[in-house]
Amino acid sequence: MENCIFCKIVDGKIESEKIYETASIISFLDINPKAPGHSLVIPKEHVEILTELEDELACEIFKVTKRVEEMLKESLDADAFTIGINDGKAAGQEIPHLHINVLPRFMGNGGKPIHSVVKNPPKEEVPKIAEKIRKTSISP
Ligand code: AMP
Ligand code: ZN
C-alpha cells in the first residue's frame with residue numbers, strides 16, 4: 001500500500017534490520033526499541049489488523065514469531081518475552097500495518113506484565129459477558 005512505512009520496508013524502499021524472512025512474513029528490529037532486540041513480525045501483504053489476515057497467514061506469522069523468540073533467546077540470552085499487538089487505533093496502533101511486537105525481557109528489567117496496559121474492568125459480571133460473546137455468529 002502506498003505511503004505505508006512497513007510496505008516500503010517489505011519492498012526494500014526503506015532500510016531495516018531484517019532478521020528473518022519467509023515468502024509471506026518478515027521480521028526486523030524496531031527502530032525505537034523498548035528493549036534490546038525489540039523486534040516486529042509483519043505480513044508482507046498489507047493488512048491493518050489481525051482479523052483481516054487470512055487463517056493460513058495467521059498460523060505462519062505465529063510460527064515466525066516463535067522462530068524470532070528462539071533467535072533472540074540464543075543471541076541475547078533473554079529470560080522471557082512479551083508478545084503484543086496494538087491491534088487497532090484504540091489500542092494505540094500508529095502504523096496501520098499489522099505488526100507483532102516481540103519484546104525480550106530480562107530478570108529485574110523493571111518492566112510490567114501485559115495486564116498493565118489497560119485498567120478498564122467491566123461493570124457487568126464475567127458470566128454475563130461470556131454469554132454475550134458465546135452468542136455471536138463466530139462461535140464454533
Ligand atoms: P504501533 O504504535 O503499534 O503502530 O507501533 C509502531 C512501531 O513501529 C513503533 O514501535 C515504532 O518504533 C516502529 N517503527 C516505526 N517506523 C519504523 C521503521 N522504519 N523501522 C522499524 N520500526 C519502525
Ligand atoms: Zn503496509
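This report describes the fold, the ligand site and several individual residues of a predicted protein model.

Residues are numbered from 1 along each chain as its sequence is written, and chains are lettered from A and ligands numbered from 1 in the order in which they are written. Because the model is predicted, local features need pLDDT of at least 70 and side-chain atom pairs count only at pLDDT 80 or more, while totals for chains, interfaces and linings use all residues; side-chain values use heavy atoms, with hydrogens and water left out.

## Overall fold

The protein contains 3 helices and 5 strands. Helices (H or I, at least four residues) and strands (E, at least two) are DSSP runs, numbered from the N terminus. Along the sequence these elements follow the pattern α-β-β-β-α-β-β-α. Taken along the principal axes, the C-alpha atoms fill a box of roughly 50 × 40 × 25 Å. Of the 140 residues in the protein, 30% are buried. Here buried means under 20% relative accessible area, exposed over 50%, and partly exposed in between, with a 1.4 Å probe and protein chains only.

## The site of ligand 1

Ligand 1 is surrounded by 15 residues, and the closest are Asp30, Asn86, Glu94, Ile95 and His99. A residue is near a molecule if one of its heavy atoms lies within 4 Å of it. The shell around ligand 1 divides into 8 nonpolar, 5 polar and 2 charged residues. In this division Ala, Val, Leu, Ile, Met, Phe, Trp, Tyr, Cys and Pro count as nonpolar, Asp, Glu, Lys and Arg as charged, and the others, Gly among them, as polar.

Helix 1 (5-10) and strand 2 (25-29) each supply at least two residues of this shell, and helix 1 gives the most, with 3 residues.

Three pairs of atoms between ligand 1 and the protein backbone are listed below; a polar contact is a pair of N or O atoms within 3.5 Å, and within protein one must be able to donate a hydrogen and the other to accept it, with residues adjacent in sequence counting only if both atoms are side-chain atoms.

| Ligand 1 atom | Backbone partner | Distance |
|---|---|---|
| nitrogen | polar backbone atom of isoleucine 31 | 3.1 Å |
| oxygen | polar backbone atom of glycine 92 | 3.2 Å |
| oxygen | backbone N or O atom of glutamate 94 | 2.7 Å |

On its own, ligand 1 has 500 Å² of accessible area, and the protein covers 84% of this. Accessible areas come from the Shrake-Rupley method with a 1.4 Å probe; for residues, only the protein chains shown count as cover.

## Individual residues

Threonine 82 is found in strand 4 (residues 80-84) and counts as buried, because its relative accessibility is 16%. The side chain of threonine 82 is joined to that of arginine 105 by a polar contact of 2.8 Å. Glycine 37, in the loop between strand 2 and strand 3 (39-43), is also buried, with a relative accessible area of 16%.

Two residues other than glycine have a positive phi value. Asparagine 3 has phi near 70° and is found in the segment before helix 1, where asparagine 3 is exposed at 65% relative accessible area. For aspartate 77, phi is near 60°; this residue lies in the loop between helix 2 (55-76) and strand 4 and counts as exposed at 59% relative accessibility.

Serine 137 lies in the segment after helix 3 (126-134) and is exposed, because its relative accessibility is 75%. The C-alpha atoms of serine 137 and leucine 40 are separated by 32 Å, with their positions 97 residues apart along the chain.
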